[in-house]
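Welcome to a short tour of a protein with its ligands. Have the sequence and the 3D view open as you read, and feel free to click along from site to site.

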Amino acid sequence: MKVNKLEVLSNVQVSERYWHMKLEASSILEPVKPGQFFNIKCAEADSPFLRRPFSIYRMNKAEKTIEFLYLMKGQGTFKLTDVVAGEKVDMLGPLGEGFTLGKTWDTVLLLARGVGIATLAALAQEAVEKHVKCIAILSARTNNDLLAAEMLQGLGVQVIKVTEEDGTSDVSNVHRLIEQLLIENDIKATFTCGSKRLSKLLQKISKNHGLPGQIALEEHMGCAMGVCYACVCDIKEENGINSVRVCKEGPVFNLEKVVLG
Amino acid sequence: MESLKLDVKIGELKLKNPIMPASGAFGFEMESLFDFNQLGAIVPKSITKYPRGGNATPRVCEVTGGMLNSIGIQSKGLPYYLKNILPQYEQYNTPLIASISADSVDEFAEMSEIISKEKCVSGIELNISCPNLEGDGKAFGMDAELSYQLIKKVKAVTNQSIIAKLTPNVTSIQEIALACENGGADGLNVANTMLAMAIDIHTRKPKIGNVLGGISGPAIKPIIVRLIHQVRKVTEIPIIGCGGVMNWEDAIEMILAGANAIQVGTANFINPLSMMEILEGIKRYMTTYQIEDINDLVGKTDIPV
Ligand SMILES: Cc1cc2nc3c(=O)[nH]c(=O)nc-3n(C[C@H](O)[C@H](O)[C@H](O)COP(=O)(O)OP(=O)(O)OC[C@H]3O[C@@H](n4cnc5c(N)ncnc54)[C@H](O)[C@@H]3O)c2cc1C
Ligand SMILES: Cc1cc2nc3c(=O)[nH]c(=O)nc-3n(C[C@H](O)[C@H](O)[C@H](O)COP(=O)(O)O)c2cc1C
């Protein structure tokens, strides 16, 4: 982890609500893992005051760039859309613990909703590089929100889209979909990010099928470095329920262990 | 200027420079970012006797010019602290000030006595600005008599330099400052966060889980400058200015108001290198104005009579 001032190569709108930013990253010598994140200063001015956390969307080791996919949400992300190519952005990271792909996992299931798609995209990229078969259910309000998901299809990920727009995104439908996929494929592990309802569902299904799972959590952060204890979540462990830091022990956790409330 | 004198004293505690982190906004996790040997002191997060879970999330929210927090002193308890937190800092030649939070006067004394025996502890900061379970949830530092008793009891069981961290949520901080001095405090930290609240107008819910939280950051700096000025008027003991210091200009301003040393909290979240940059800025300021000894600046505000 360090303070990086990275040059923006591009920052463009990719759908109604989503933007994509690519930065030159040769100064980052540490390995960056899918699921890890950077805490980004969205504007040089004092406002917005806090940094904003974004998980890496894509890493290009050969050309030494990193990419982020972000939803225009409030003050911080609106400010971030003002950044133009050539400018530098201050990003603290890489932060947190990322996803792990088990050696014997030749087929994995990804279940992502909203901005969770960005987080799981980095994992899909790694999985594809490792010749792991990747099936992804992507959930969003509209098909427009899923435009960014085309990159996953380009990588060779089997993508299934569900949306409110099409009336396909309700939990019971997603449940049916997953059970069907489990019959048709020899899925070895599950991954999720972006929705509490879907995470609960996947937690239950994974447990029933005896599958290992991982989840990337989001929580409001102060320092994002593990010193302030703002972003905590509950984890079930042998000695009971422990409160741990999303930014440090996470954001990726064992799906079975997280208390989803 | 070749020989800038930056060292300051708080009781028996000698600091090589006046810049240190504020409790709760710094930790060993920042070790890869800069050399802790460059700090005036190391101040870990407040420790409680027993493990504490902390408050409901969200525990922080952003406001104009700052943030609210209600962490609730999440802590793994004193034995863990002694075994795992303190030893991490033994490798540095920077003095460590242990911050203590407790539920009663006796517990403050008991913890101070135990922590005093630790080789790597050079001073103790008493977080008397945290809620007091004996006193209906009010902070110890809101009651002059209680503050006096607390400091006195702690001083009786330890030879360490004792800093009382005051709460700004009082009618007269001067009264509390004097009570602490009379109790034997070697220094005063001015101050902890100010009680605040923020509401999301769309959901109509409080923005933090605990409803109320403490505001920190640049928004409170002018209030802290005023508090330092007021405390400096009634006491000669060292003051650590704390609240809203984002850069070296803020640090100098607090020194001019009467602070001997400075703690940096929230700024670490925005720019984790800020303490190093503040130190460099102070040196440049001293060179520009030909100030050899930082102690010569303390309280040197030119107030028209
Ligand atoms: C580990 C992690 C990875 C993330 N990765 C991505 C990503 O790849 N792409 C993406 O679009 N978003 C991601 N998010 C969510 C992103 O951080 C928020 O959308 C963003 O902080 C909103 O800022 P804002 O000022 O635009 O919105 P506002 O709603 O105005 O923000 C107000 C405050 O709330 C905080 N906040 C709001 N929503 C969230 C949230 N979901 N999680 C944490 N803090 C929040 C903000 O940081 C800010 O302090 C991630 C969050 C976390 C914790
Ligand atoms: C997230 C957070 C946690 C804090 N935890 C503690 C604590 O454990 N003990 C304490 O004495 N003060 C604590 N504080 C208060 C700070 O030490 C400091 O007094 C306050 O934030 C004002 O300084 P600043 O504006 O530079 O942050 C905390 C502040 C923040 C923002």
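Let us begin at ligand 2, where 21 residues stand around the ligand, and Ser23(B), Ser46(B), Lys165(B), Gly244(B) and Thr266(B) come nearest. Please keep in mind as you look that this is a predicted model. Which chains supply the residues that surround ligand 2? Both chain A and chain B do, so this site is shared between chains.

Sorted by class, the shell around ligand 2 holds 13 polar, 6 nonpolar and 2 charged residues. Oxygen atoms of the ligand make several polar contacts with chain B. The backbone of Gly244(B) places an N or O atom 2.6 Å from an oxygen atom of ligand 2, and the backbone of Gly265(B) does so at 3.0 Å. From a side chain, an N or O atom of Asn127(B) lies 3.2 Å from an oxygen atom of ligand 2. On its own, ligand 2 has 600 Å² of accessible area, and the protein covers 97% of that.

Now over to ligand 1. Here the shell counts 19 residues, and the closest are Pro53(A), Lys73(A), Gly76(A), Thr77(A) and Glu218(A). By class, 9 of the shell residues are nonpolar, 6 are polar and 4 are charged. Three polar contacts are worth finding in your viewer. The side chain of Arg52(A) brings a polar atom to 2.7 Å from an oxygen atom of ligand 1. A polar atom in the side chain of Lys73(A) is 2.7 Å from a nitrogen atom of ligand 1. The backbone takes part through Gly74(A), where a polar atom lies 2.7 Å from an oxygen atom of ligand 1. Ligand 1 exposes 820 Å² when taken alone, and 87% of that is buried by the protein.

Which elements of chain A give two or more residues to this shell? They are strand 4 (52-55), strand 6 (65-71) and helix 1 (75-80). Strand 4 of chain A provides the largest share, with 4 residues. Why can ligand 1 be said to lie between two domains? Domain 1 (2-95) and domain 3 (218-261) of chain A both contribute residues to the shell, so the ligand sits between them.

Next, a look at a strand pair in chain B. Strand 10 (residues 194-197) has a covered face with Met194(B) and Ala196(B), while Leu195(B) and Met197(B) are on the uncovered one. Strand 10 runs antiparallel to strand 13 (residues 212-216) of chain B, and 4 bridges join the two. Within this pair, Leu195(B) stands opposite Gly214(B) of strand 13.

Some single residues also deserve a visit. The table gathers three that belong to helices or strands.

| Residue | Element | Relative accessible area | Class |
|---|---|---|---|
| Ala98(B) | strand 6 (residues 96-100) of chain B | 0% | buried |
| Asn173(A) | helix 4 (residues 171-184) of chain A | 16% | buried |
| Lys83(B) | helix 1 (residues 78-85) of chain B | 64% | exposed |

Asn173(A) counts as buried because its 16% is under the 20% cut-off. The side chain of Asn173(A) also reaches the backbone oxygen of Thr168(A) at 2.7 Å. For a sense of distance in chain B, the C-alpha atoms of Ala98(B) and Ala259(B) are separated by 20 Å, with their positions 161 residues apart along the chain. For Lys83(B) and Lys283(B), 200 residues apart along the chain, the C-alpha separation is 37 Å.

Finally, a few backbone details in the loops. In chain A, a cis peptide bond links Ser47(A) to Pro48(A), with omega about 5°, and Pro48(A) sits in the loop between strand 3 (37-40) and strand 4. Chain B has a cis peptide bond between Thr57(B) and Pro58(B), with omega about -10°. Pro58(B) belongs to the loop between strand 3 (19-21) and strand 4 (60-63) of chain B.

Positive phi values turn up too. Ala224(A), a residue other than glycine, has phi near 65°. Its loop runs between strand 12 (213-216) and strand 13 (232-237) of chain A. Arg204(B), also not a glycine, has a positive phi of about 60°, and lies in the loop between strand 11 (199-200) and strand 12 (205-206) of chain B. Are these two residues buried or exposed? Ala224(A) is buried at 2% relative accessible area, whereas Arg204(B) is exposed at 73%.

Note on methods
Residues are numbered from 1 along each chain as its sequence is written. Chains are lettered from A and ligands numbered from 1 in the order in which they are written. This is a predicted model: local features need pLDDT of at least 70, side-chain atom pairs count only at pLDDT 80 or more; totals for chains, interfaces and linings use all residues. Side-chain values use heavy atoms; hydrogens and water are left out. A residue is near a molecule or strand if one of its heavy atoms lies within 4 Å of it. A polar contact is a pair of N or O atoms within 3.5 Å; within protein, one must be able to donate a hydrogen and the other to accept it, and residues adjacent in sequence count only if both atoms are side-chain atoms. Accessible areas come from the Shrake-Rupley method with a 1.4 Å probe; for residues, only the protein chains shown count as cover. Ala, Val, Leu, Ile, Met, Phe, Trp, Tyr, Cys and Pro count as nonpolar, Asp, Glu, Lys and Arg as charged, and the others, Gly among them, as polar. Domain bounds come from an automatic or database domain assignment. Buried means under 20% relative accessible area, exposed over 50%, partly exposed in between (1.4 Å probe, protein chains only). Two strands pair if DSSP finds at least two bridges between them.
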